[in-house]
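Trainee: Could you take one part of this model and go through it with me slowly? I would like to understand each term as it comes up.

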Number of protein chains: 2
Amino acid sequence: MSILIKNALLDNKKKDIYIEGSRVSEIGSNISAEAEYRIDGSGMAAIPGLINGHAHAAMSLLRGYADDMALDEWLRNRIWPLEAKLTEKDVYWGSRLSCLEMIKTGTTCFNDMYWHFHGTARAALDSGLRAVISSVFLDTFDEKKAKEQIRESISLLKESKGYGSRITFAMGPHAIYTVSANSLQWIKEFADKNRLLIHLHLSETEKEVEDCMKMHKKRPVEYLDDLGFLGKNLVAGHAVWLNQKETFLLKKNNVKLIHNPSSNMKLCTGRVFPYSGLKKAGLTIGLGTDSSASNNSLDMFEEMKTAALLQKFSTDNPVIMPAKEALSMATLGSAMALGIDAGEIAENKLADILLIDLKNIQMLPRHNLISNLVYSANGSCVDTTICDGKLLMQGRKVDDEEKVIEGFMEHAEKLTG
Amino acid sequence: MSILIKNALLDNKKKDIYIEGSRVSEIGSNISAEAEYRIDGSGMAAIPGLINGHAHAAMSLLRGYADDMALDEWLRNRIWPLEAKLTEKDVYWGSRLSCLEMIKTGTTCFNDMYWHFHGTARAALDSGLRAVISSVFLDTFDEKKAKEQIRESISLLKESKGYGSRITFAMGPHAIYTVSANSLQWIKEFADKNRLLIHLHLSETEKEVEDCMKMHKKRPVEYLDDLGFLGKNLVAGHAVWLNQKETFLLKKNNVKLIHNPSSNMKLCTGRVFPYSGLKKAGLTIGLGTDSSASNNSLDMFEEMKTAALLQKFSTDNPVIMPAKEALSMATLGSAMALGIDAGEIAENKLADILLIDLKNIQMLPRHNLISNLVYSANGSCVDTTICDGKLLMQGRKVDDEEKVIEGFMEHAEKLTG
């Protein structure tokens, strides 16, 4: 497929963008190449597709099912019992709805952790999105379970090859309080050997740190460092309870972090992501929504605003995380965290591109495009979503929207009915 | 005009809502009355129009013009110099765009403070919204200015009668640090005598409290109490820097408060609105967005979420301000603060009503409508906006949208050009 976008605003200049296959082949003025799809980009801004660095797509099934509760109670009494009932088909349809929500709100790639890998992988494949998908590895310190999960991981890696280049399999150890040290070490070796990313919840709550101190006399990052677990292929979600030594260890090992401000606020993780220290240390930082059960939205535009506002408020510093840094976290930051060759619009980069309708009220006036994107817009300002060089949405229309909603509702209603 | 909404979801039941003139005349099943407009409400939820309790509508002109700055610098070096240039026509078109944004995001009434009263009043009138509008009273402790402002207030009150029942004139003393004690006392007497609301910025920053302590040896609320300024007609925006005694004085005098979480976070007012103490004291609390220069959105759905998340995070209590309380602040709370007979859908109440499209992805699944409204939805989920018994938006179409955008852009571009 080839797409020619004419006269879109790119970095404050009118440009044509020519896409061949899955990549941007040329950016310039007056490109006259023939293309299967020609898009009039006038009155539109072209920005990189947003990348959701930490998500659990299937959990749209549980959106609104349990809110305004403490994290532990929420997980143990509401979320986990319902999750135990989920089938791969449920996961497929839950993930399809989330993919649809992501397409409609400008996300072109997501980093997922959930059960029933194939459910999520098929959903991402069918929807046209790019995804890094891990199956949850959770052994609750039970050797038998660990063996099962190891076997499953080996199979999944093989099976995942069938999904093509848009879907990447990753290892997904849930957290240090649900996965044994032995399993973590196996995961690390397996991931390194097979060049896989590792997606982990890290230092989300004070309890996680306290329990780790009690059990191992070390803080979580120190514990992982001693296990040899830290490395450039580790993508850690949350990461709010960190001290200076841990920041140093994360940087030394080039660990990637994903900030999840809405979820942290809603579930009261008790501390704000230490952005300025982590940035100063030079860490790669992406942005994510966490799940629709803990956020409850996958709109990365809203997440950028929440991130910037939360930093300003909690540090009493209105100049921290300016709009361009929030946007950068949601694009290049997440891309670098996931090792995806996207997050910016440039020749030879993956063609994961949004067109933003500048006639939308929330984009007016035009004093500062990036301010408008971060502080005023939400996902409804996206007109066109292109992923991997394919048109997934144009004029806010997605081909199979009704079919996806129908399939989703059938499975969501059954769950609690 | 009469409108019959058939089969909309109202408080979890399918209902018909019959509107005659500006009020709801009947709610029931199988209402068969003849109506000029008949709306199929199936697949829609009917909720009260949201009420923005503290806004500066014209400031859409400055959206994105100055972000990521300290409040004092932001006001003195960026906002005030540009505001000095604004004409009544600018204010009209700035307010028209904001009214359009409000209609499209489900706000049916707003409480405004800005210069050029007639600009905002005409904009609200022409757009079809309900509004309480004050002209800014700001004398910078200069007697000559005070006299001018007093004269202007007396004229405006008379002139405002021409706008009809949807537009209410209020007094708008900017803040205790910009208005003299004499003027505040005149305003209070004038407002009491003429049954006007008083709209004030109160205890927004620590500096305001410190300066007041230095100058008057009292905290702001004590200072206002000693002036005899507190009363049931006072609507105070922000109100974050309050101690227990001030809370007691506010309650004793039945002062109404408006919470502005996004603006407080973005401008780093340094403290969170003390919601649980104020609620416990029994104060009436509404919700507002503040201006498009400090938020930068007028989407009250996003504001509800931000309010709930900020409370949870800052008090480390995930059960504080559950979704239904956030929704209540944005509807009945603001309505009670402004003395508007709306904020709920009931017979004989003003017909300020939204229809929410339940097929919207953000409203799925349907475990909990209120959770979805507060934590997942944004203004783009509103299908129909009715204010004062008139249809302002249906199927997301507003009659004069293009004309308003054109007029607005002309004036916004001129300002900084």
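Mentor: Happily; here is the place where the chains meet, followed by the helices around it.

A word on reading first: residues are numbered from 1 along each chain as its sequence is written, and chains are lettered from A, with ligands numbered from 1, in the order in which they are written. This is a predicted model, so local features need pLDDT of at least 70 and side-chain atom pairs count only at pLDDT 80 or more, while totals for chains, interfaces and linings use all residues.

Let's begin with the pair. Two copies of a chain are related by a rotation about an axis and a shift along it. Here, a rotation of 180° with a shift of 0.0 Å along the axis lays chain B on chain A, with an RMSD of 0.0 Å (a least-squares fit on C-alpha atoms of residues with pLDDT of at least 70 in both copies). That is how a two-fold axis relates its copies. Both copies use the same surface, since 100% of the contact residues of chain B recur in chain A. In chain B, the residue closest to the rotation axis is B:Ser380, whose C-alpha is 3.3 Å away.

Now the contact itself. Chain B and chain A bring 51 residues each (residues are in contact if their C-beta atoms, placed from the backbone, lie within 7 Å). On the chain B side, helices H2 (88-104), H9 (261-266), H11 (300-315), H13 and H14 (401-416) each supply at least two residues. A helix here is a DSSP run of H or I with at least four residues, numbered from the N terminus. H14(B) gives the most, with 6 residues. Sorted by class, the side of chain B that touches chain A holds 25 nonpolar, 15 polar and 11 charged residues. Nonpolar means Ala, Val, Leu, Ile, Met, Phe, Trp, Tyr, Cys or Pro, charged means Asp, Glu, Lys or Arg, and the others, Gly among them, are polar.

H13 is worth following further. In chain B, the axes of H12 (residues 323-338) and H13 (residues 369-376) come within 9 Å and cross at roughly 70°. Such axes are lines fitted to C-alpha atoms over the stretch in contact, and angles run from 0 to 180 degrees between N-to-C directions. H12(B) is therefore roughly perpendicular to H13(B), a label for angles of 65 to 115 degrees. The crossing is left-handed, with the near helix turned anticlockwise from the far one by less than a right angle. From H12(B) come B:Ala323, B:Lys324, B:Ala326 and B:Leu327, and from H13(B) come B:Ile370, B:Ser371, B:Leu373, B:Val374 and B:Tyr375. These contact residues comprise 7 nonpolar, 1 polar and 1 charged.

In chain A, look at H13 with another partner. The axes of H11(A) (residues 300-315) and H13(A) (residues 369-376) come within 7 Å and cross at roughly 90°, so these two helices are also roughly perpendicular. A:Phe301, A:Met304, A:Lys305 and A:Ala308 of H11(A) meet A:Leu373, A:Val374 and A:Tyr375 of H13(A). That contact has 6 nonpolar residues, no polar ones and 1 charged.

Conventions. Angles under 35 degrees count as roughly parallel, over 145 as roughly antiparallel, 65 to 115 as roughly perpendicular and the rest as oblique. Two residues are in contact if their C-beta atoms, placed from the backbone, lie within 7 Å.
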